[in-house]
Amino acid sequence: MRPLVAVAPLAALLAAAAVGCGPPALEDLVVENSPNAYSLQATLNDASGNREEVWSVSGDRVWVDWSGTALGAGSVSLALTSPDGLQAYRESATAAGPPAAAASITSSAGEWTIRLDYSGAEGSLALDLTGVQ
């Protein structure tokens with residue numbers, strides 16, 4: 001006669017594995033990363049985490065535009081690191097609103113690092129970055 005397999009522990013294990021299987025935190029994510037033009041749009045669903053990319057800029061200025069960003073909860077921070085390794089920009093959007101509609105950063109041409117940190121963020125995120133000569 002074969003031994004009986006305990007079904008309850010297996011069911012508990014399967015239920016625990018399914019806990020993290022909800023909808024993705026960044027829904028409808030659309031990213032365009034081309035020289036001198038970067039845009040990101042997403043719907044945030046209790047998003048917590050980060051995202052980092054490298055972006056190529058040929059000019060000496062970068063425009064940052066948060067218009068279209070509207071959060072109902074949490075926060076999203078954007079940090080831009082210049083090719084010289086210096087943090088050239090860091091601002092956050094919260095439920096109270098995004099930073100100023102547009103900001104201009106002066107730095108050098110080359111590979112920039114874009115880092116987004118989001119914590120409990122809910123709503124819509126729309127970022128546009130433009131490299132200007």
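Analyst: Two strands pair if DSSP finds at least two bridges between them. Keep that rule in hand. The model here is a predicted one.

User: What makes β2 and β7 a pair?

Analyst: Count the bridges. There are 18 between β2 and β7, and the sense is antiparallel. The cut-off is at least two bridges, so the two strands pair. One place to look is A42, which stands opposite L125 in β7.

User: How do you know that β3 and β7 pair?

Analyst: Use the rule again. β3 and β7 run antiparallel and are joined by five bridges. The rule asks for at least two, so they count as paired. V64 has L129 in β7 as its bridge partner.

User: And what joins β4 to β7?

Analyst: Ten bridges, in the antiparallel sense. Find S75 in the model: S119 in β7 stands opposite.

User: Which strand forms a hairpin with β4?

Analyst: That is β5, with five residues between the two strands. Seven bridges join them, and they run antiparallel. L80 stands opposite Y89 in β5. In the turn, G85 has a positive phi of about 85°.

User: How many helices and strands does the protein have?

Analyst: One helix and seven strands. Along the sequence the pattern reads α-β-β-β-β-β-β-β.

User: Why is S39 called buried?

Analyst: Set the value against the cut-off. S39 has 13% relative accessibility. Buried means under 20%, so S39 qualifies. S39 lies in strand β2, residues 37-57. Beyond its neighbours within four places in sequence, S39 touches V30, V31, E32, L127 and D128.

User: What makes S82 buried?

Analyst: Its relative accessible area is 4%. That is under 20%, so S82 counts as buried. S82 lies in the loop between β4 and β5. With neighbours within four places set aside, its contacts are A88, S107, E111 and W112.

User: Why is N36 called partly exposed?

Analyst: N36 has a relative accessible area of 21%. Buried needs under 20% and exposed needs over 50%, so N36 falls in between. N36 sits in the loop between β1 (26-34) and β2. Its phi is near 70°, a positive value in a residue other than glycine. D46, in strand β2, also has a positive phi, near 55°.

User: Why does S56 count as partly exposed?

Analyst: The relative accessibility of S56 is 29%. That lies between the 20% and 50% cut-offs, so the label is partly exposed. S56 belongs to strand β2.

User: What makes the link between the side chains of S56 and E111 a polar contact?

Analyst: The distance is 3.5 Å. The limit is within 3.5 Å, so the pair is counted. Look around S56 too. Apart from sequence neighbours within four places, it is in contact with S34, P35, N36, G110 and E111. S56 and G110 are 54 residues apart along the chain, yet their C-alpha atoms are separated by 5.7 Å.

User: Which residues have the most contacts inside the largest nonpolar core?

Analyst: V64, W66, V76, L78 and L80, in a core of 25 residues. The elements giving two or more residues are β2, β3 (61-65), β4 (70-81), β5 (87-94) and β7 (110-132). β7 gives the most, with eight. In soluble globular proteins, nonpolar side chains tend to be buried together. Take L78 as a case. Its contacts beyond four places in sequence include V64, W66, Y89, I114, L116, L127 and L129.

User: What share of the residues in the protein is buried?

Analyst: 28% of the 133 residues. The accessible surface is about 7,400 Å², with 57% of it belonging to carbon and sulfur atoms. Many contacts also span the sequence: among those between residues at least 6 apart, 67% join residues at least 24 apart.

User: What is the average pLDDT of the protein?

Analyst: The average is 84, and 81% of the residues score at least 70. Over residues 3-23, however, the pLDDT is below 50. The scale runs from 0 to 100 and gives the predictor's confidence, so that stretch falls in the lower half. Beyond near neighbours in sequence, residues 3-23 have one contact in the model.

How values were computed: Residues are numbered from 1 along each chain as its sequence is written. This is a predicted model: local features need pLDDT of at least 70, side-chain atom pairs count only at pLDDT 80 or more; totals for chains, interfaces and linings use all residues. Side-chain values use heavy atoms; hydrogens and water are left out. Helices (H or I, at least four residues) and strands (E, at least two) are DSSP runs, numbered from the N terminus. Buried means under 20% relative accessible area, exposed over 50%, partly exposed in between (1.4 Å probe, protein chains only). Contact means heavy atoms within 4.5 Å. Accessible areas come from the Shrake-Rupley method with a 1.4 Å probe; for residues, only the protein chains shown count as cover. A nonpolar core is a set of buried Ala, Val, Leu, Ile, Met, Phe, Trp, Tyr and Cys residues joined through side-chain atoms within 4.5 Å. A polar contact is a pair of N or O atoms within 3.5 Å; within protein, one must be able to donate a hydrogen and the other to accept it, and residues adjacent in sequence count only if both atoms are side-chain atoms.
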